[in-house]
Amino acid sequence: MPLSLGRMNATIERRMLINYRVDPALAQTWLPDGFRVQVVDGVAIAGICMIRLARMAPVGVPTVLGWGGENAAERVAVEWTSSDGTPSRGVFITRRFSASRTAVALGGRLFPGVHTKAAIASDESPERIALRMTTPTDTVDADVRLSTTLSNSVLGSIDEASEFFRAGSTGWSPASKKGDLDGLRLDTDAWRVEPTTPVSVRASLFDNLPSGSAELDSVLVMRDVPAVWNPVRTR
């Protein structure tokens with residue numbers, strides 16, 4: 001684990017979860033030993049989390065001194081067996097991206113998560129959100145309208161989808177030292193997930209997979225949620 005700032009307060013100004021149904025055998029190849037894809041109705045759930053944080057600061061430090069920025073993560077819903085033998089759920093993050101120079105410079109060192117530089121732009125209103133991310137290897141374009149119902153998702157209703165992702169709030173990602181992993185858990189007493197109707201969604205990671213390997217499942221949004229990010233030391 002890196003030298004860590006410890007628990008961090010933050011406000012999730014916007015978190016967009018772009019979710020795909022992916023062939024489980026393919027998704028398993030993205031994971032290191034010890035992780036298993038979480039299979040839902042015969043498919044793996046993978047996707048991209050695009051999150052804008054504000055007022056991020058160590059617990060105990062006034063939030064007025066905090067910082068923020070746009071970040072993104074490519075992730076897969078996974079299961080693993082904890083060190084005490086109990087089954088656990090979360091996500092494995094294959095890659096993290098950030099528009100923040102601070103996150104790119106200090107991620108994996110001062111706080112968990114190695115980040116690659118990205119350009120992230122947004123156009124947002126109460127009814128519609130459009131996001132674009134470009135990196136040296138990937139592009140993401142998502143344009144969605146906020147809705148009241150979740151349609152055509154393997155996760156069922158918005159309540160089922162909300163619980164699915166809340167139960168998987170612990171994320172593991174490659175650390176700065178090869179072979180090590182960084183763990184981070186999102187905790188909040190104000191968990192709120194909103195469904196959307198996708199207008200247009202493109203993501204090169206999934207669009208470029210072999211035909212039939214991945215299909216858009218849903219896009220969910222969280223807005224204005226106070227949260228605490230807790231480093232996780234062991235699985």
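Which residues is Val144 in contact with, leaving aside its neighbours within four places in sequence? The views below start there. This is a predicted model, where local features need pLDDT of at least 70, side-chain atom pairs count only at pLDDT 80 or more, and totals for chains, interfaces and linings use all residues. Residues are numbered from 1 along each chain as its sequence is written, and side-chain values use heavy atoms, with hydrogens and water left out.

**View 1. Val144 and its surroundings in strand E10.** Strands (E, at least two residues) and helices (H or I, at least four) are DSSP runs numbered from the N terminus. Counting heavy atoms within 4.5 Å as contact, Val144 touches Met16, Glu127, Arg128, Ile129, Thr196, Thr197, Pro198, Val199 and Val219, with neighbours within four places in sequence set aside. At 0% relative accessibility, Val144 is buried (buried is under 20% relative accessible area, exposed over 50%, partly exposed in between; 1.4 Å probe, protein chains only). Ala130 sits 14 residues away from Val144 in sequence, with 6.4 Å between the two C-alphas.

**View 2. The largest nonpolar core, 35 residues.** Such a core is a set of buried Ala, Val, Leu, Ile, Met, Phe, Trp, Tyr and Cys residues joined through side-chain atoms within 4.5 Å. Met16, Ile18, Met50, Met133 and Phe206 have the most contacts inside this one. Strands that each supply at least two of its residues include E1 (8–22), E4 (43–58) and E14 (214–232). Another core lies apart from it, with 28 residues, among them Ala10, Leu53, Ala161 and Val193.

**View 3. Ile18 up close.** Beyond its neighbours within four places in sequence, Ile18 has contacts that include Ala46, Met50, Val140, Val201 and Leu216.

**View 4. Trp30 meets Phe206, one aromatic pair of six in the structure.** Rings of Phe, Tyr and Trp (its six-membered ring) pair if their centres lie within 6.5 Å; planes under 30 degrees apart are stacked, over 60 edge-to-face, and the rest tilted. Here the centres are 6.3 Å apart and the planes at 70 degrees, which makes it edge-to-face. Trp30 is in the loop between H1 (24–28) and E2 (36–37), and Phe206 is in helix H4 (204–207), 176 residues apart. Trp30 is partly exposed at 22%, while Phe206 is buried at 4%.

**View 5. Phe35 against Trp80, also edge-to-face.** Their ring centres are 5.7 Å apart, with planes at 70 degrees. Phe35 is in the loop between H1 and E2 and Trp80 is in strand E5, so the pair ties together parts 45 residues apart in sequence. Phe35 is buried at 3%, and Trp80 is buried at 4%. Ring pairs link these two with Phe92 and Trp172 into a cluster.
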